Amino acid sequence: MKIIGTGSAMPELAVTNEMLTEYFDTSDEWIRSRTGIVTRHLCSKETLIDLGVEACQKAIENAGIDPKEIDYFICSNVANNYVTPAMSCVVQGKIGATCPCFDISCACTGFIFALDIAESFIKAGRAKKILILCAEEPSKFCDWKGHDRTTSILFGDGAGAVVVTEGDDLQSICTATTSLPDVLWYKHAMEPTPFEDGIEEHVPLQMDGKGVFRTAVTSSCKDVDQVLKEANVNPDDVDLFVLHQANFRIIDAIRNFVGQPAEKFPTNLQHYGNTSSASIPILLDELHREGKLKPGMQLVMSAFGAGFVSGACCIKWSMEK
């Protein structure tokens with residue numbers, strides 16, 4: 001497959017570190033030194049569906065196609081305004097598409113998983129043009145009332161989308177899962193039936209920071225090494241490593257593993273925080289629209305998230321600005 005269109009959308013409200021000091025026992029210096037984050041965008045006036053529609057429309061326009069040309073629509077989303085119908089079903093009608101669609105829940109690795117699924121659909125002859133949307137609102141999972149700074153400072157909301165079609169830009173891809181449900185988790189209480197004992201409680205996002213760091217670095221380094229070997233690509237020949245924007249320390253650890261300079265690792269984490277599966281397509285869209293992606297450039301993408309899931313891919317970029 002190859003990518004022929006990109007798009008992204010962010011909430012209007014930008015929340016600075018200083019603004020968070022009104023709710024948490026923290027400081028700008030404390031947040032910056034541990035994460036690299038300066039601001040994050042949070043939904044206020046707009047909904048996640050609004051962002052998803054905007055990102056998709058931009059990607060479709062950038063691809064120069066009609067929405068009805070889309071054969072399949074895959075949406076990566078952990079939670080949205082509805083439990084059902086799926087977010088892809090709601091967005092599909094608003095963008096004028098008529099294709100089958102479904103959602104996947106792979107946490108921050110959703111974009112890589114969606115690319116893998118899209119590649120399989122194209123290879124099987126089931127589709128020629130596929131729309132991928134990653135729309136996430138992780139700020140809604142955090143403990144704002146309990147004033148827990150460990151997670152609330154990290155996340156931002158946003159959406160990123162791409163259109164893919166037949167091509168040979170994807171050189172290698174891998175996805176992986178290691179069952180570690182206690183490293184990063186969130187529990188939404190469901191209405192119990194009369195036949196159940198006890199009442200389920202809502203539990204805000206819980207994170208074992210050291211466990212996430214250790215697992216993220218280990219998983220990403222393993223995945224990057226695998227896709228580089230499968231694509232027969234030397235790290236020195238990679239132009240850009242487009243990584244999940246979770247934490248500057250994690251990105252630095254991965255950079256040290258591959259032994260490459262910082263300029264090969266573009267970031268927007270400082271502006272948006274961790275936008276879960278939307279982070280890579282948002283960064284990809286920015287790089288594309290700023291003219292920083294040239295045909296023939298060698299890219300490596302890598303992501304990791306709750307589960308614990310991870311994935312990476314090698315892509316030879318062919319799209320003009």
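Which residues of helix α10 are buried? In the predicted model examined here, the buried positions of α10 are S279, I280, P281, I282, L283, L284, D285, L287 and H288. Because nine of the eleven residues of this helix (residues 279-289) are buried, α10 is largely enclosed by the rest of the structure. Just after the helix, G291 adopts a positive phi of about 75°.

One of the buried residues of α10, D285, is engaged through its side chain by the side chain of T6, in a polar contact of 2.6 Å. T6 belongs to strand β1 and is itself buried, its relative accessible area being 0%. When neighbours within four places in sequence are set aside, the contacts of T6 comprise K58, A59, N62, A161, V162, D285, H288, R289 and W317. Among these partners, D285 and H288 are buried residues of α10, whereas V162 is the residue that T6 faces in strand β7.

Strand β7 (residues 158-165) is mostly covered, with eight of its eight residues buried. Burial extends to both faces of the strand: G158, G160, V162 and V164 lie on one side, and A159, A161, V163 and T165 lie on the other. Two strands pair with β7. Strand β1 (residues 2-9) does so in the antiparallel sense over seven bridges, and strand β6 (residues 129-136) is likewise antiparallel to β7, over eight bridges. Within the latter pairing, A135 has A159 as its bridge partner.

A further element of the model is an open sheet of four strands with mixed pairing, in the order β8-β13-β12-β11. Its edge strands, each paired on one side only, are β8 (170-180) and β11 (240-243). Neighbouring strands of the sheet are turned against each other by 10° on average, with direction ignored. Helix α7 packs on this sheet and touches β8, β11, β12 (298-305) and β13, its direction making about 30° with that of β13. The pairing of β8 with β13 is antiparallel and runs over eight bridges; in this pairing, I173 is matched with C313 of β13.

The packing of α7 on the sheet can be followed at residue level through D223, which is found in that helix (residues 209-231). D223 is buried yet forms no salt bridge, and the nearest side chain of opposite charge, that of K222, is 6.3 Å away. As a salt bridge requires a separation within 4 Å, this distance lies outside the cut-off. Polar partners are nevertheless present. The side chain of D223 makes a polar contact with the side chain of S310 at 2.7 Å, and a polar atom of the D223 side chain lies 3.2 Å from the backbone nitrogen of G311. Beyond its neighbours within four places in sequence, D223 is in contact with C174, A176, S310, G311 and A312.

G311 is located in strand β13 (residues 307-316) and is buried, with a relative accessible area of 0%. Residues up to four places away in sequence not being counted, G311 touches T109, I112, C174, T175, D223, M301, S302 and A303. C174 is thus a contact of G311 and also a contact of D223. G311 and T26 are 285 residues apart in sequence, with a C-alpha to C-alpha distance of 33 Å.

In contrast to D223, other charged residues take part in the nine salt bridges of the structure. One of these joins the side chains of K123 and E119 (3.9 Å, N to O). Both residues lie in helix α5 (residues 110-123), four residues apart, about one turn of the helix. The two partners differ in accessibility: K123 counts as exposed at 68% relative accessibility, while E119 is buried at 11%.

Helix α7 also carries a salt bridge, formed by D225 and K229, whose closest N and O atoms are 3.1 Å apart. Because these residues are four positions apart in α7, about one helical turn separates them. D225 is partly exposed, with a relative accessible area of 29%, and K229 is exposed, with 61%. A further salt bridge links D252 and R255, with a closest N to O separation of 3.6 Å. Both residues are in helix α8 (residues 248-258), three residues apart, about one turn of the helix. D252 counts as partly exposed, at 37% relative accessibility.

Key. Residues numbered from 1 in each chain as written. Predicted model: local features only at pLDDT ≥ 70, side-chain atom pairs only at ≥ 80, totals over all residues. Heavy atoms only, no water. Buried < 20%, exposed > 50% of the residue type's maximum accessible area, 1.4 Å probe, protein only. Lys, Arg positive; Asp, Glu negative; His and termini not counted. Polar contact = N/O pair within 3.5 Å; in protein donor to acceptor, adjacent residues only side chain to side chain. Contact = heavy atoms within 4.5 Å. Pairing = 2+ DSSP bridges. Axes fitted to C-alpha atoms, helices over the stretch in contact; angles between N-to-C directions.
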